[in-house]
Every structure is written in C-alpha cells, then in structure tokens.
Amino acid sequence: MHLVAPSLLAADFRRLNEAITFVNESEADWFHLDVMDGNFVPNISFGPFIIEQIAQDATKYLDVHLMIDQPERYIEDFAKAGASGITIHAEATNHVHRVVQQIKEAGCKAGVALNPHTPVGVLENIIEELDLVLIMTVNPGFGGQKFIYQSIPKIRQAYDMIQVRNSPAIIEVDGGIGLQNAQKVLEAGARVLVAGSAVFKADDPAEVVRRLKAISGNPVSMV
C-alpha cells in the first residue's frame with residue numbers, strides 16, 4: 001500500500017494548527033515538511049523551531065526534506081525538533097554517505113533526494129544504506145509547479161536499482177503530484193506521494209487525500 005504525505009508548505013500558515021489537525025484526522029500517512037535555506041533553493045521556508053512546534057501536535061510521521069546546503073550542520077537540530085525521517089539532497093553535500101550515517105545516528109530514517117537533472121547513478125554506492133529515495137519531479141524551491149513527465153523513467157530506474165541491490169529504500173515522489181499523474185508514478189515504482197497544492201488548494205482536501213489513497217498501481221520493474 002502506498003503512502004500519502006501532504007506538504008505543509010502549501011498550507012495557509014495563518015492557520016497552521018488547522019492544517020496539522022487536518023492531516024492528523026485525514027487518511028494521510030505522513031507530514032511532509034520542506035525546509036528551504038534561500039541558498040540551495042531560492043526560497044526560505046522554516047527551520048527546526050517551527051518543526052518542533054508542529055511535532056507537539058502532529059500524530060503522524062514527520063518527513064523532513066532538507067533543501068539546504070551543507071545539511072550536515074543541522075542534522076542533530078532537526079532530529080531533536082522531532083523529525084521521524086530526514087532527507088538530504090545529493091547535490092547539497094560532498095559527503096553523502098557521512099551525512100546518511102549522521103542521520104541514522106541521530107535516530108531518524110535516512111533519505112537522499114535527487115533533482116530532476118541528477119542521474120540515479122549517483123546513488124550506486126549508497127543505495128543499500130538508504131531508507132528512502134526522493135525523486136524530485138519539479139525543480140525544487142517553489143510550490144505549485146507542473147510535474148515533469150520525463151521523471152517517470154527515472155522513478156523506474158531507481159526502483160530497479162533498489163530491487164537489484166536488495167535495498168530497504170522506498171521511493172518518494174515530490175513535485176506537481178495530483179490525481180492526474182499519481183497512478184503513473186505508482187506504477188513506475190513510487191511508494192510515497194507528496195502532495196501540496198493538490199491537497200491544500202482543493203475545495204475538499206480530505207476527499208483528495210482519500211482519492212489519492214484509493215489509487216491502485218503496481219510497480220513495473222524494468223530489469
């Protein structure tokens with residue numbers, strides 16, 4: 001069964017507590033929390049202090065996505081704030097393996113994200129150590145972007161690498177995900193759907209989550 005992770009970046013931050021309550025009470029599985037530093041990506045979002053506040057009320061997995069340079073500087077801070085899993089970008093550090101170990105030593109699940117232009121092959125020497133591979137299907141930094149359909153073969157490549165190497169990792173897909181493309185990414189091998197605008201900008205967010213959860217899609221291996 002696949003998971004749905006609404007991205008709080010798309011929520012109305014004037015009513016953040018309402019958004020947290022919504023995710024808690026909906027059929028969603030995870031909270032997806034996008035951290036942006038204004039350097040690795042153009043925008044600035046929030047840091048450990050806000051995540052600590054969210055963690056006080058959230059009753060589900062906190063999926064923290066660090067879109068920041070040199071994430072190794074802040075792993076312990078986000079772990080202490082309440083992160084369940086921490087995902088870093090392969091492009092953001094020269095020491096991916098070291099940071100993955102740092103995340104695990106901090107007591108969190110470890111993930112690595114790939115921007116649209118970054119090949120899956122960069123995970124070749126780390127895939128067995130990962131709990132999650134995040135395939136970005138938009139260029140990171142802004143919500144509400146259109147899904148890059150050329151990313152679907154990349155999801156399949158990541159899925160095949162995981163199968164061949166017997167990795168415990170699951171694939172998460174983030175960027176422009178909605179009812180119009182969720183089945184395609186699930187069939188390519190994705191397990192976690194991050195949905196921001198598709199959920200929080202909808203007239204009936206709970207119904208969108210329900211429909212995303214109801215989609216069927218069996219991974220198709222390309223091996």
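Strand 3 (61-67), strand 4 (85-89) and strand 5 (109-114) each contribute at least two residues to the lining of the second largest pocket in this predicted model. The volume of this pocket is about 170 Å³. Its lining comprises 13 residues, of which W30, Y61, K109, D131 and I170 are the closest to the pocket centre. Classified by type, the lining of the second largest pocket consists of seven nonpolar, three polar and three charged residues.

Two of the residues closest to the centre of this pocket, W30 and Y61, are also linked through strand pairing. Strand 2 and strand 3 run parallel and are joined by seven bridges, and Y61 in strand 3 is the bridge partner of W30. Strand 3 itself is mostly covered, with six of its seven residues buried.

A second parallel pairing involves strand 1 and strand 8 (residues 192-195), which are joined by four bridges. Within this pairing, P6 stands opposite A195 of strand 8. The residues of strand 1 point in two directions: L3 and A5 face one way, whereas V4 and P6 face the other. All four of these residues are buried.

Helix 1 was examined next. The buried residues of helix 1 are L16, A19, I20, F22, V23 and N24. Their cover includes strand 1 (3-6), strand 2 (30-36), helix 2 (48-57), helix 7 and helix 8 (205-214). Strand 1, whose residues L3, V4, A5 and P6 are buried, is thus named among the elements covering the buried residues of helix 1.

One of the buried residues of helix 1, N24, lies 5.9 Å from T59 in space, C-alpha to C-alpha, although the two are 35 residues apart in sequence. With residues up to four places away in sequence left out of the count, N24 touches F31, D57, A58, T59 and K60.

Another buried residue of helix 1, F22, takes part in an aromatic pair. A pair of aromatic rings is described by the distance of the centres and the angle of the planes. Four aromatic pairs are present in the structure. In the pair formed by F22 and F200, the ring centres are 5.8 Å apart and the planes are at 70°, an edge-to-face arrangement. Because F22 belongs to helix 1 (residues 16-25) and F200 to helix 7 (residues 197-200), this pair ties together parts that are 178 residues apart in sequence. Both F22 and F200 are buried. The rings of F147 and Y149 also form a pair; their centres are 4.7 Å apart and their planes are at 75°, so this pair is edge-to-face. The two partners differ in accessibility: F147, at 10% relative accessibility, counts as buried, whereas Y149, at 40%, counts as partly exposed.

Several features were also found in the loops. P140 is located in the loop between strand 6 (132-136) and helix 5. P140 has a relative accessible area of 14% and is therefore buried, since the limit for a buried residue is under 20%. The C-alpha atoms of P140 and V41 are separated by 6.6 Å, while the two residues are 99 residues apart along the chain. Not counting residues up to four places away in sequence, P140 touches V41, P42, M67, H89, N115 and P116. Among these contacts, M67 belongs to strand 3 (61-67) and H89 to strand 4 (85-89), two of the strands that supply residues to the lining of the second largest pocket.

The backbone at two loop residues was also noted. Most residues other than glycine have a negative phi, and most peptide bonds are trans. Q70, by contrast, has a positive phi, near 50°. Q70 lies in the loop between strand 3 and helix 3 (75-81), and its relative accessibility of 41% places Q70 in the partly exposed class. A positive phi is likewise found at N166, with a value near 55°. N166 lies in the loop between helix 5 (152-164) and strand 7 (170-174). With a relative accessible area of 68%, N166 is exposed.

Note on methods:
Residues are numbered from 1 along each chain as its sequence is written. This is a predicted model: local features need pLDDT of at least 70, side-chain atom pairs count only at pLDDT 80 or more; totals for chains, interfaces and linings use all residues. Side-chain values use heavy atoms; hydrogens and water are left out. Rings of Phe, Tyr and Trp (its six-membered ring) pair if their centres lie within 6.5 Å; planes under 30 degrees apart count as stacked, over 60 as edge-to-face and the rest as tilted. Buried means under 20% relative accessible area, exposed over 50%, partly exposed in between (1.4 Å probe, protein chains only). On a 1 Å grid over the protein atoms alone, a cavity is a set of points where a 1.4 Å probe fits but cannot get out, and a pocket is an open set with protein on both sides within 12 Å along at least five of seven lines; lining residues have an atom within 4 Å of a point. Grid points are joined across faces, edges and corners, and a volume is the space filled by probe spheres set on the points. Ala, Val, Leu, Ile, Met, Phe, Trp, Tyr, Cys and Pro count as nonpolar, Asp, Glu, Lys and Arg as charged, and the others, Gly among them, as polar. Contact means heavy atoms within 4.5 Å. Two strands pair if DSSP finds at least two bridges between them.
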